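Hello,

Here is the structure I promised to pass on to you. Please have a look at it first, and then read my notes below.

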Amino acid sequence: MSRVTFFEVEILDYKTNKQLCFLDKVEPHATIKEIKSLLYKCYPKLYPARQSLKLHRSGNALKDDDILENLPVGTTATMYFKDLGPQLGWTMVFLVEYIGPLFIYLLFYFRLPYIYSQKYTFTSSPYPVVPLACACHSFHYIKRLIETIFVHRFSHGTMPLRTMLKNCLYYWGFSAWLAYYINHPLYTPPSYGNQQVHYALIMFVLCEAGNFSINLTLNNMKSSGTLLTRFPYPTRNPFTWLFFFVSCPNYTYEVGTWIGFTIMTQCAPVALYTLVGFIQMTIWARGKHKTYIQQFKDYPGLRVAIIPLFL
Amino acid sequence: MASSEEDGSVEEKENNNKKRSKSAIATAWLTFYNITMTAGWLVLAVAMARFYIQKGNHRGLYKSISRTLKFFQTFALLEVVHCAVGIVRTSVIVTGVQVCSRIFMVWFVANSIKQIQNEESVVLFLVVWTVTEITRYSFYTFSLLNHLPYFIKWARYNMFIVMYPLGVAGELITIYTALPYVRKSGMFSMRLPNKYNVSFDYYIFLIIVMLSYIPLFPQLYFHMLRQRRKVLHGEVIVEKDD
């Protein structure tokens, strides 16, 4: 009869070193996830997603699937706990971030009172590009909301509340700013008239379709397990052929959508929004690209991060 | 940045030599930069003192030193580059915010709004800046030369306690005094309708700038206070992560 050596886990507060919890009789093959649930039982307000457990103050947080007996600890383990603050699941985060721009733009489109001069309240613009822009902007965010609810499969990850509030400020604030000008009574339609609007619209629609195709493809590959051992590849859908050239075609198409919208509305704040978005997405794309290269020895040499043959 | 002249030697040795020669060049450049800036602000201090002694009041003081001020304050943009490149271990953002606020005051307030150039608040922040910068740059210079007199370290980490609030007061009062002139002239502003569908009101922008001092100034001030405790009293402070 073999005796199982139980572990003891002491959890101290990261800042004050006070002992928060002492767990005895912990199974050696217990995961960090299970330890977090045990801590949660002692402190009902600290749900596992907001717990950060470390072996050393200056080290990295332990992962949920780390196993106790594989960690560099004796039979009595000391861990430091840090409260990450209120957390939100990815789905909730994206829903809140996208619903704002959708409704805020409409407030400006319908020219609700106190936004513009009294005499313009509830009036509408004589230029056809203005309702078109409203339709495109709304379509963009409705599409994103649908993707968040039905298409994306998020990991168990969460986001701190503070980060989400910062993101919301950015998305909501920027949409308000650009909606203000596009729906302004003194709005000036594009310099090259209908031709400019038509070509921009085509670009917008194509890029939206492209972005949707990529999202769908990625999630199909994720659910069929392909992405565990292989990087994303082009399929029969012509929109996915961008995978021959870039690692993150979803970002490429997203930038294209906003370039289309900028040309359609000829509005400087939209151009600025597109630029900032492009910079952020390029940073993300290059990170992803680097990960792929490190992970897969046979990663296609032709591919770059976000702009074909360039960046 | 000069690259290593050696070639054909063992690669690791070459890399080590590159690293060592790089940081020797970086140190040399930084020493030169900090000596220059110390000298520049000393020149400004002397010029301001001479003007006041000769004229007895501050009218025309700004105009007499404005070119030197613009030159040396603008040159400080290099400090952002130093952080970005990594030869100075400070956050790019913190340095960027500080340098930008100075550049803004010099070029977009003092230089552009001529009517406020003889205000007392301008003299206030100029004096504060001069004292602060001479202390700061000589601190860096002596640190790089590994020979830091205690009184310079003391000055750097104590004078700000009084200088920072005084400087902020001078800057805020100056901007506030400039507001009516900005409104009347409509400078730097763009109105609708225009073909880029954007507008910009410099008057409102200045108000937003003044309001932004409220969150930003305490952060910088308490950051310096924490640095002070660490450096002068050897306190170990557990940093609050975000």
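In chain B, among contacts with a separation of 6 or more, 69% are between residues 24 or more positions apart. Please keep in mind that this is a predicted model. Chain B has 8 helices and 0 strands, so its elements, read from the N terminus, run α-α-α-α-α-α-α-α. Of its 242 residues, 37% count as buried.

Next, the interface. Chain B uses 12 residues to contact 15 residues of chain A. About 1200 Å² is buried between the two chains, and carbon and sulfur atoms give 52% of that area. On the side of chain B that touches chain A, there are 5 nonpolar, 3 polar and 4 charged residues. What is the count of salt bridges between chain B and chain A? It is 0, while 6 residue pairs are in polar contact across the interface, both partners being at pLDDT 80 or more.

Finally, a helix in chain A that you may like to look at: α8, residues 268–295. Its 28 residues should span 40 Å at 1.5 Å a residue, and this agrees with the model because the end C-alpha atoms are 40 Å apart. The buried residues of α8(A) include A:P269, A:V270, A:Y273, A:T274 and A:G277, and further along A:M281, A:T282, A:A285, A:H289 and A:Y292. Where do the buried residues of α8(A) pack? They lie against α3 (129–151), α4 (161–182) and α7 (249–265) of chain A.

Enjoy exploring, and write back with any questions.

Best wishes

Technical notes:
Residues are numbered from 1 along each chain as its sequence is written. Chains are lettered from A and ligands numbered from 1 in the order in which they are written. This is a predicted model: local features need pLDDT of at least 70, side-chain atom pairs count only at pLDDT 80 or more; totals for chains, interfaces and linings use all residues. Side-chain values use heavy atoms; hydrogens and water are left out. Contact means heavy atoms within 4.5 Å. Buried area is the accessible area (1.4 Å probe) that two parts lose on being put together, summed over both. A salt bridge is a side-chain nitrogen of Lys or Arg within 4 Å of a carboxyl oxygen of Asp or Glu. A polar contact is a pair of N or O atoms within 3.5 Å; within protein, one must be able to donate a hydrogen and the other to accept it, and residues adjacent in sequence count only if both atoms are side-chain atoms. Ala, Val, Leu, Ile, Met, Phe, Trp, Tyr, Cys and Pro count as nonpolar, Asp, Glu, Lys and Arg as charged, and the others, Gly among them, as polar. Helices (H or I, at least four residues) and strands (E, at least two) are DSSP runs, numbered from the N terminus. The expected span of a helix is 1.5 Å times one less than its number of residues. Buried means under 20% relative accessible area, exposed over 50%, partly exposed in between (1.4 Å probe, protein chains only).
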